[in-house]
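Hello,

Here is the structure I promised to pass on to you. Have a look at it first, and then read on for what turned up in it.

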Protein chains: 2
Amino acid sequence: MTIITIAIDAMGGDFGPSVTIPAALIVLKNHPDIRLVLVGDAATLEQELASHTYDVNRLEVLHASQQVEMDEMPSSALRTKKDSSMRVAINLVKEGKAQACVSAGNTGALMATARFVLKTLPGVDRPAIISTFPTIDPDKNIRVLDLGANVDSTAEHLVQFAVMGSVLTSALDNIPQPKIYLLNIGEEEIKGNEQVKQTAALLSNSKVVNYVGFIEADRLHFGEADVIVCDGFVGNVALKTTEGVARFITRLMKESFMRNLFTKMIGLLVKPVLKTFVKRIDPGRYNGATFIGLNGTVVKSHGAANTRAFVCAIEEAMIGAEKNVPERIRHEVEHLLKIS
Amino acid sequence: MTIITIAIDAMGGDFGPSVTIPAALIVLKNHPDIRLVLVGDAATLEQELASHTYDVNRLEVLHASQQVEMDEMPSSALRTKKDSSMRVAINLVKEGKAQACVSAGNTGALMATARFVLKTLPGVDRPAIISTFPTIDPDKNIRVLDLGANVDSTAEHLVQFAVMGSVLTSALDNIPQPKIYLLNIGEEEIKGNEQVKQTAALLSNSKVVNYVGFIEADRLHFGEADVIVCDGFVGNVALKTTEGVARFITRLMKESFMRNLFTKMIGLLVKPVLKTFVKRIDPGRYNGATFIGLNGTVVKSHGAANTRAFVCAIEEAMIGAEKNVPERIRHEVEHLLKIS
């Protein structure tokens, strides 16, 4: 059994160690082949750990004297936070002491630091952010990239995203030839902006990915695609719109049950019925966005993640490391460069 | 009392006269100051009307021998369908015989024809599509443009969209200085693509609109903005994502009530409670997207609109015509050109 080591930025996120530590302990318990390194203020972390029992051989605390703030500028974090929990966790991946790292910290700073420390894979111009959208089929997810790392991407960048998304999905979901779609505002060939039209022309001739065609944003949750590729500006708008609509609908629904005593009683009856439903749209289940295209696996957790959601993010990093996604991407991108 | 005349493409949409005629009759009944011209195959329309009683002085049937198909290419519709119900309805606006027109037909063909026949207002480079998003405050909507008419827009185009959106919202919602936001993937100044950064720079110096700043897509339903401006590609993705998520959630919810006899019974109890909720997110209530920036008011209804939804679209056209939105935009754009 190969032991995989995951470095955790234990100070990151809205809740810091009060979420990252319980999550780490759950992962440790559920996965006997995992080692974790908790990076952060050693005194704080050890105090938090003192009340728990765990396998000390598989959990290490590594001190880092600084912390990146949630609203800090990426450039400032890079320049002034060389001993931050985030930076030290990424360094462990660089040094081969961990196979992946996870942080719920500042997205911009995490991307800038990961890119600076780990560098992009040869042939990859820009790393991207990829994550999972739930669909009406409980056994089927859709992965979408880029979700916000890159704006003003060229067609060549989008082709690289397609290749990287295809490799990751193939590895993580065991799909031999993932179906790749390009997000567009219509399905006909003449539709779309220049970026999308040029990308479609390149992908149509691709022998590296299984490109199917255009898809509209109302199909993001309906399962025909395995991977949907788009510019980071567009992907981020789709992701944030999804979050906003889900919150909007949930709030309206709650309000209708809170109107009076009768509706409140009905609300109590409904709760168990809606349990599966709530579980299916729970963003925590889909927590964990992978930074793809780097020499190493870096997973970003939502800043507001609770323990259960942070566990998902650690598991995403674990699988990415186990399946050796960066190495597979390196191989495919080399292949792409050779044939083009 | 000034009588407003609205031309209706009675053949357009998935359901044609079986929706457009009942909707027209409802509008006629509710608004004594409205005249309607139903454009389409006269025999079909007259047969459908025969079973109804209505004020014949305020309802006219105008024959058009052709019809634009829902999947027809805009260029083909322009070239070969010069006597289509859609084209003839728009011609009535051009000739001053109607103050606005409404169609549930093919969006691309409607935009191409409206642009060709009516022309854009002086100083407006590109017409845009504007529509309403519901928010958690039942008395507050947000208007968003462009929703898909224009891709690869320049910063100057987006500034024009901001001016047009501001004028329309001010006129339709009686807001003296609508709060204008620019859709972006973060709220900080350094965020965004080139298009958005350049537009922000232009809008920040604007004396014509009340520009507030950036807004993220998860706030589309949360009410701080009056108008949100974006490129048509991005706006269309946000709109389609909203539609998709709403459909996804509704379907999951239905499934959880259909699981067994017990959940079905609870479902029956819940129905009345969820009535207000369903009404609030009903897309029919927000049916009617205005093509803005043309010499005349053109409203596009959803192709799948039912009677009630089509009534909303006609009313949107009615208010646009009553408030003389095109003339107000002409005035503001002239002002914008003078001071810039």
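Please keep in mind that this is a predicted model. Let's start with the two chains: a turn of 180° with a shift of 0.0 Å along the axis lays chain A on chain B, with an RMSD of 0.0 Å. The two copies are therefore related as by a two-fold rotation axis. Both copies also use the same surface, as 100% of the contact residues of chain A recur in chain B.

Next, find the sheet in chain A. This open sheet has 11 strands with mixed pairing, in the order 3-2-1-4-11-10-5-6-9-7-8. Strand 3 (59-63) and strand 8 (210-215) of chain A are the edge strands, each pairing on one side only. On average, neighbouring strands are turned by 25° against each other, direction ignored.

For one pair in detail, look at strand 5 (residues 128-134) and strand 10 (residues 289-292) of chain A, which run antiparallel and are joined by three bridges. Here Ile129(A) stands opposite Phe291(A). Helix 6 (residues 155-173) of chain A lies across several strands, including strand 5 and strand 10, and runs at about 165° to strand 9 (227-229) of chain A.

Finally, helix 1 (residues 17-30) and helix 10 (residues 307-322) of chain A pack at an angle of about 55°, their axes 8 Å apart. That angle is why helix 1 of chain A counts as oblique to helix 10 of chain A. The crossing of these two helices is right-handed. Among the residues that meet there are Ile26(A) and Val27(A) from helix 1 and Phe310(A) and Ile314(A) from helix 10. The contact's residues divide into eight nonpolar, two polar and one charged.

Enjoy exploring!

How values were computed:
Residues numbered from 1 in each chain as written. Chains lettered and ligands numbered in written order. Predicted model: local features only at pLDDT ≥ 70, side-chain atom pairs only at ≥ 80, totals over all residues. Least-squares fit on C-alpha atoms with pLDDT ≥ 70 in both. Contact = placed C-beta atoms within 7 Å. Axes fitted to C-alpha atoms, helices over the stretch in contact; angles between N-to-C directions. Helix = DSSP H or I, 4+ residues; strand = E, 2+ residues; numbered from the N terminus. Parallel < 35°, antiparallel > 145°, perpendicular 65-115°, else oblique. Left-handed = near helix turned anticlockwise from the far one by under 90°. Nonpolar A, V, L, I, M, F, W, Y, C, P; charged D, E, K, R; others polar. Pairing = 2+ DSSP bridges.
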